[in-house]
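Welcome, and thank you for taking a look at this structure. Let us walk through it together, one region at a time.

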Amino acid sequence: MSRGKSITLLSIISALVAILLVLTFVRFPVGEIKTYNSALRAIELDYDIEGGTAYTLKLAADNEEEVEDIDEVVETLEYRLNELGYSVFSVKALMSTEEGVEDYDIRIETKTTESLNSDIAAIVAYGEVEFFGGSAENPTTEILADMEVVADAQFLGMQAENNYAITIEFTQEAKDALVAAIEAEDTYYLKIVCGENANGEENVLFNTTITANAFDGNILGISGISDEESANRLVLQMKSGGLAYKYELSDPVSVTSPYGDAVATRCAIAVAALLVVIMVALILCYKGFGIIAAISTLLFMLAEIWMMIAVPNIVMSLGGVIGIVVALLLVTVGMIITCGRVKEEYAYSEKTVKAAINKGFGQSLIPVIGVNVVAGFVAICLLAFAKGALKGFAITMGIGVIISLIATLVFTRMFTALILPLVKNKEKFLNMKKAEV
């Protein structure tokens, strides 16, 4: 590439990187009212970084069961929070502070969301899901009571205004029994009851006619549920069973991160400091090649940050921050492998600088890809099977693996091709020497 083209392209790239750095880290006014808060502030933060909302659960005055296994209650609440998509939260059983009361209060702390109030109401819902059927419009005959009924249930979301839908996957035994009951009547009503409402009456979530043709295999679609809370409650209780005890919810209160104030700022400073240390170390160890590797590493970090915004439904937790750190170390390893292979190829062969660079990049291809493939496989496994902070770790590391490959195999080679035409003594700039025979 000619010197003029290199200068032109480097100038354009430098301007773009400078703009990207400003947009990523700097706040500045836009017009008279609006303020641009930087890309970092656009990243959605989870409870363990930003704090959230806390609810306290106290046993209801009309609770009829004595609390025998508080751990089971905590596990059920944690399962329901996970099912609703809350990855980082705290569920703790605490001895009641009321005088003469020996029962436990339960404190739930999690990220603040628009649907949190209805989600929490569904999470603490009391009572078992019961099925009633018959030819009457309001059937009172309980059915499917002596068998395992539900294999799975899924919340489908809003189908129309005030119309939420779910699917219920029945066990084969339950489906056969229900179809037999339906076919025995001209018109058959199915009623699904989920505990009691605030007035102590049956909380009827679904009651309408049903035919045997409504099934898709063992799956029955249910629509027409009037509110999201009821639909979520039905799905959660089908999956986890009824909460064994009846609790009352306190008013929500705001809470800080369990790790203290300004956790997000401290995490950002720590990652930025690590990035600077890595870039300086690369430059000191590899001179000109280190500069190229440092620029590629900086672009990697910028790409990682912007991907946290571009990819939908990513919520940054401390696990996600650790995933970014691991991905940063991964791209550093790739840079070290590439720089080392190029220097070795020049030192132990009769090749020119250009030929050694081409050969060195080719030889580093397999080890760099191998390291990233292994890391990517780990991220996929964690994403498939892990929950909570580990899932956040898997997401950010998985994205980092993809960007790491691009930074190591594309950015590094691109900047090498752009910068070398500007350098007179390429061997000295790249700190490359022939080995003594």
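Let us begin with a pair of helices in this predicted model. Helix α8 covers residues 318-347 and helix α10 covers residues 389-419; their axes come within 7 Å and cross at roughly 25 degrees. Angles under 35 degrees count as roughly parallel, and α8 and α10 are therefore roughly parallel to each other. As α8 passes α10, the crossing is right-handed.

Which residues of α8 and α10 meet? On the α8 side they are G319, G320, I322, G323, I324, V326, A327, L330, V331, G334, M335 and T338. Facing them from α10 are A389, G392, F393, T396, M397, G400, V401, S404, A407, T408 and T412. Sorted by class, the residues of this contact between α8 and α10 are twelve nonpolar, eleven polar and no charged.

Helix α8 has another partner to visit, α9. The axes of α8 and α9 also come within 7 Å, and here they cross at roughly 150 degrees. Angles over 145 degrees count as roughly antiparallel, so that is the description that fits α8 and α9. Their crossing is right-handed. In the contact of α8 with α9 there are twelve nonpolar, six polar and three charged residues.

Staying with α9, look for L382, which is found in this helix. Is L382 buried or partly exposed? With a relative accessibility of 22%, L382 counts as partly exposed. Leaving out residues up to four places away in sequence, L382 touches F393 and A394. You can also pair L382 with G398: they are 16 residues apart along the chain, and their C-alpha atoms are separated by 9.8 Å. F393, one of the residues that L382 touches, is also among the α10 residues that meet α8.

Now let us turn to the nonpolar cores. The largest one has 52 residues, and those with the most contacts inside it are F289, F300, M301, M316, I357, F415 and M432. Helices α1 (3-25), α7 (263-310), α8, α9 (353-385) and α10 each supply at least two residues of this core. Of these, α7 gives the most, with 19 residues.

F289 makes a good place to pause inside this core. What is F289 in contact with, once its neighbours within four places in sequence are left aside? The answer is C339, V342, I357, F361, T416, F429, L430 and M432. Two of these names, I357 and M432, also appear with F289 among the residues with the most contacts inside the core. There is a second, separate core of 31 residues, which includes F131, C194, I222 and M238.

We finish with two details of the backbone. Most residues other than glycine have a negative phi. L144 is not a glycine, yet its phi is positive, at about 60 degrees. You will find L144 in the loop between β7 (142-143) and β8 (150-160), and L144 is buried, with a relative accessible area of 10%. A262 is not a glycine either, and A262 has a positive phi of about 55 degrees. Its place is the loop between β15 (253-255) and α7. With a relative accessible area of 47%, A262 is partly exposed.

Key:
Residues numbered from 1 in each chain as written. Predicted model: local features only at pLDDT ≥ 70, side-chain atom pairs only at ≥ 80, totals over all residues. Heavy atoms only, no water. Axes fitted to C-alpha atoms, helices over the stretch in contact; angles between N-to-C directions. Helix = DSSP H or I, 4+ residues; strand = E, 2+ residues; numbered from the N terminus. Parallel < 35°, antiparallel > 145°, perpendicular 65-115°, else oblique. Left-handed = near helix turned anticlockwise from the far one by under 90°. Contact = heavy atoms within 4.5 Å. Nonpolar A, V, L, I, M, F, W, Y, C, P; charged D, E, K, R; others polar. Core = buried A, V, L, I, M, F, W, Y, C linked by side-chain atoms within 4.5 Å. Buried < 20%, exposed > 50% of the residue type's maximum accessible area, 1.4 Å probe, protein only.
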